[in-house]
Amino acid sequence: MIIVSKNKKGAFSTLQEAILSIDDAHTEEITVYIEAGIYEEKVFIRKRNIRLVGENRDKTIIRYGDGARKPRGDGSEYGTFNTAVILFAGSDIRVENLTIENTAGAGHIAGQALAVYIASDRTSFYNCSLLGHQDTIFTGDLLPKPYKKLMLPEFFTNSTVAIDFSELRNYFKDCYIDGTVDFIFGPSTAYFDHCQIHSKSEGPDGEGSFISAASTPKTQEYGYVFYNCHLTSECRENSTYLGRPWRDYAKTAFLCCTMDSHIRKEGWHNWDKANAEVTIAYVEYGNKGPGADTAGRVPYSKPLVNEKVLAYMSFEKVLAGGDNWNPNA
C-alpha cells in the first residue's frame, strides 16, 4: 500500500507523487491510501489496476481551480478539457471515499471547469463527492482531437499504458455529484447507482439549467443510466432539464429515481436541434416525486417498454461490453 499524507513522515505529500511511484508495467492491483486533508493539486493519472482510497469522503479533498477562461501564456484560453482536477486515463481504476472539487467558480465567470476527466475504461467511483459548477464530470476518450489540445506533462505522454479503447465504461455508486450547466456530459457508457445528483443555481434568481449532456455514439447501445438516484436542488421549481443532446444520438435514462420539484415539466431539451428529436433516446421509468410526472414531457421522451426495463436496471448488463465487466466483482 502507498500512503499519501499531509503529516506522516515517510509518506508521499501529494497524490501526484504517489501515482508517479507506480510502475507502468505492474499487473497486480496497487492501493493508494490518502489520509484526511486538503490536497491543492492538479493530478494526471495514466495507469491500470490502481485503487485510490480516501480516509474519509468529507475530509479527504483533492481540489484545484482551473476554468476554461483562464489565460494561457500565449494569450489563448485553457478551454474545457484542460481544467480537470484529475485526469484519469488507462483502465481498471477504482476510487473510494474521496471529494474531488473544481474551485474555479460559477460558469458565467470561470467558464467550464471539470472536477474529473474520465478517459479510462472500467473505472468506478464509490462514496465519492464530485463537485463543480459548469461541466463537473466529463466521460470520454483522449483521442484523437482532444489529445492534441491538452496541456499534458511529459510523464503522462511518455507513459506506455494504453489509452485507446473501443469502449469506455464508468460506474458511480453512492456518490454525490453537483453542478449547474451540463454537469455530467460526454460519450461514454456510465451508470449512476443510488447517487445524489444536485443542481446548483445558475444565477441569483434560482434559475436551474441542464443536468446531463450525453454525446453517445450512434452504434453504442447505452449512454447514461441513472438508477435509484435522488435529484435534489437549490434551484426554483420547474427550472431544470434532465438533459439535452450534445450529439444527435444521445442516450440517457432515469429509472426509479426521486425527482424533486426543480425538474421542468417538459423534462428534456433538444438543444435547438430538431433533427436530434428523431435520433436521441431519452427514457424514463418508475420515477417518483414532484418532478417525475411525465404528463407534460416533450414528445421525443419515451417511457421504457417492459422488455427493456430489466436490462437498463442491471448495471452488469449496461456495462458488460465485450469482456463482461462487473465493477463489483
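**Close-up 1. Strands β12 and β15 run side by side in the parallel sense.** In this predicted model, β12 covers residues 176-179 and β15 covers residues 196-199, and four bridges join the two. Strands here are DSSP runs of E with at least two residues, numbered from the N terminus, and two of them pair if DSSP finds at least two bridges between them. For a landmark, look for Tyr176, which stands opposite Gln196 of β15. Residues are numbered from 1 along each chain as its sequence is written, while local features need pLDDT of at least 70 and totals for linings use all residues. Side-chain values use heavy atoms, without hydrogens or water, and side-chain atom pairs count only at pLDDT 80 or more.

**Close-up 2. β15 also pairs with β18.** Strand β18 (residues 230-233) meets β15 in the parallel sense, again over four bridges. Here Ile197 is found opposite Leu231 of β18.

**Close-up 3. One cavity of 30 Å³ or more turns up in the whole structure.** A cavity is a set of points on a 1 Å grid over the protein atoms alone where a 1.4 Å probe fits but cannot get out. The volume of the largest one is about 30 Å³, counted as the space filled by probe spheres set on points joined across faces, edges and corners.

**Close-up 4. β17 and β20 help to line the largest cavity.** Lining residues have an atom within 4 Å of a point; among them are Glu221, Tyr224, Lys251, Ala281 and Tyr312. β17 (224-227) and β20 (251-255) each bring at least two residues, and β20 gives the most, with three. By class, the lining holds six nonpolar residues (Ala, Val, Leu, Ile, Met, Phe, Trp, Tyr, Cys and Pro count as such), two charged (Asp, Glu, Lys and Arg) and two polar (the others, Gly among them).

Terms used: 1 Å grid on protein atoms, 1.4 Å probe; cavity = no way out; pocket = protein on both sides within 12 Å on 5 of 7 lines; lining within 4 Å.
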